[in-house]
Structure formats: C-alpha cells, structure tokens
Amino acid sequence: VVRGAAEAVVDQLTPRDLVGVTNGTNGTVVFPLTTLSDKAKVKQQIESMILGDPPSYIPDLTAADAQLLNTTAAVKHIIMLGDGDATFGDYRSVIETIHSHRITVSTVAIGSDAGGPALMQAIAGWGHGRFYKSNSIQDVPQIFLKETQESLKPWIVEGVITPRLSSPAEVLPGERLDSFPALTGYVAPTARASSAVVLKRQPCAPFHDA
C-alpha cells in the first residue's frame, strides 16, 4: 500500500514535473530527481525498492534536500511517510536548513505509537508544510494525493482573466496576438532571466446586468 501511495502521486504529476524517491534506508535514493518522462520506469523502481525502518529520517531528508537544491522548479516539496519512532537526531536544525532552501516538508504519520505523531507534526511545522495522521494504511494513497494537490495550490490562480500582449516577440508568425478570450484560471509560472514574457494577465472588467 505504501508503494501504491507513492505511485498514485506519480500518476498526478505531469511530464513538466520532477520526481525523486528515497526508501527510508540511510538516505538511499531509489530514483534520482528527474523530469517525469517515463512514469512506468519510476513505478518500476518504486515496486522494486526495499523499505526500511531507520533510527532517523534525517539521512533521507538530507538526500531529498540535496536532490532538490540545484533545481529551478517553482515548487519544491518533500512528502515524508513514517511512524514517527525514528527520533535520533536534531530534526529542527535539519528541517529549518531545508526550508531555508525554499523547500517545504509535509509529513504523514501511519501506525504511530503514542509519541510518533508529535515528531511528525513538529517536522511539518518546521518545514512549513502540512501534517496528516492515519490509523489505516489504506488511507495513505488518498492522503498523498490530497497533499500533492495542496502543495500546488499556491501556483493555481483561479478567476476570470484576459491575457494581454506584453512583448512584441513573434511567437506565432502570421497570427494576431492582440486579442484573446477570457480564461478561468492558469498555473502561475516563474519567468527565467533569459526568457521573454510575451503575455501577462489583465483582469476582466466587472459584469453588470443592465
């Protein structure tokens, strides 16, 4: 079921996303952070990985941080699944360092003992993410899917907007770019230094019934 949860998240991502997987054993990277061009290949690696029960989650968190650190992705997010009994190490310092790299961390506590949820909740707090607790491993896939959607929300802009031309760049030769239909939402991009921003949003005028 744990593997199924990870695979369900992969299904929600697009070829424009990056994905990486560790297996909870000494920071072992099962699938290095890579553009998701082949979902079947990622799932195959997830199916074949050996799951661990480590004394500390820090090696895996550090490995995930290292993978995400050098990417230019707009959203960098870690989802950590565990029972919360791996208490060895200075989590606060590690998680705050990860967050200083503009990476957020959410946690899912499953099968925890009395003290497990407290650690997992603290990690999510330091990582400016969300904490989930489940008493049934069958719930984990849906929790993972919900968390994936929540982590993308800040970049999903809803509302009626009209694109407007902001650059004379000839993106589509021969096509008029001075008039566009209204849109009901978009995914907010981040312009790179070398890019040309051709379109910008322009709020539509309010509609009044005559």
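Helices α1 and α2 run roughly antiparallel to each other, because their axes pack at an angle of about 165° and anything over 145° counts as roughly antiparallel. Keep in mind that you're looking at a predicted model, with an average pLDDT of 79 for the protein. Besides that helix pair, there's a trio of helices to follow, plus an open sheet of three strands and a hairpin made by β1 and β2.

**The α1 and α2 pair**

- Helix α1 covers residues 2-12 and helix α2 covers residues 39-48, with their axes 10 Å apart.
- If you look at how the two cross, the crossing of α1 and α2 is right-handed.
- On the α1 side, the residues that do the touching are R3, A6, E7, V10 and D11, and they meet K39, V42, K43, I46 and E47 in α2.
- Sort that contact by class and you get six charged residues, four nonpolar ones and no polar ones.

**α4 and its two helix partners**

- Start with α3 (residues 58-69), which packs against α4 at an angle of about 10°, their axes being 10 Å apart.
- That angle is why α3 and α4 count as roughly parallel to each other.
- From α3 come I58, L61, T62 and D65, and from α4 come Y91, V94, I95 and I98.
- This α3 and α4 contact has six nonpolar residues, one polar and one charged.
- Now for the other partner: the axes of α4 (residues 91-100) and α5 (residues 116-126) come within 8 Å and cross at roughly 30°.
- So α4 is roughly parallel to α5 as well, and α4 passes α5 in a right-handed crossing.
- Here α4 brings Y91, R92, I95, E96 and H99, while α5 brings L119, I123 and W126.
- By class, the α4 and α5 contact is made of five nonpolar residues, two charged and one polar.
- Spot the repeats: Y91 and I95 of α4 are in the contact with α3, and Y91 and I95 are also in the contact with α5.

**The three-stranded sheet**

- Reading across the open sheet, the strand order is β3-β4-β5, and the pairing is parallel.
- β3 (77-82) and β5 (128-134) sit at the edges with a single partner strand each, so one side of each has no neighbour in the sheet.
- Neighbouring strands here are turned by 15° against each other on average, if you ignore direction.
- Zoom in on β3 and β4 (residues 104-110), and you'll find a parallel pairing over six bridges.
- One spot to find in the structure is M80, which stands opposite T107 in β4.

**The β1 and β2 hairpin**

- Strands β1 (residues 18-22) and β2 (residues 29-35) pair the antiparallel way, over four bridges.
- T22 has V29 in β2 as its bridge partner.
- Six residues lie between the two strands of this hairpin, and G24 in the turn has a positive phi of about 80°.
- If you're wondering what holds pairs like these together, strands of a sheet pair through backbone hydrogen bonds.

**How sure is the prediction?**

- Of the residues, 75% score a pLDDT of at least 70.
- Confidence is highest in α4, at 96, and lowest in strand β8 (residues 199-203), at a mean of 62.
- Over residues 203-210 the pLDDT is below 50, and beyond near neighbours in sequence this stretch has four contacts in the model.

Key: Residues numbered from 1 in each chain as written. Predicted model: local features only at pLDDT ≥ 70, side-chain atom pairs only at ≥ 80, totals over all residues. Heavy atoms only, no water. Axes fitted to C-alpha atoms, helices over the stretch in contact; angles between N-to-C directions. Parallel < 35°, antiparallel > 145°, perpendicular 65-115°, else oblique. Left-handed = near helix turned anticlockwise from the far one by under 90°. Contact = heavy atoms within 4.5 Å. Nonpolar A, V, L, I, M, F, W, Y, C, P; charged D, E, K, R; others polar. pLDDT = per-residue confidence, 0-100. Pairing = 2+ DSSP bridges.
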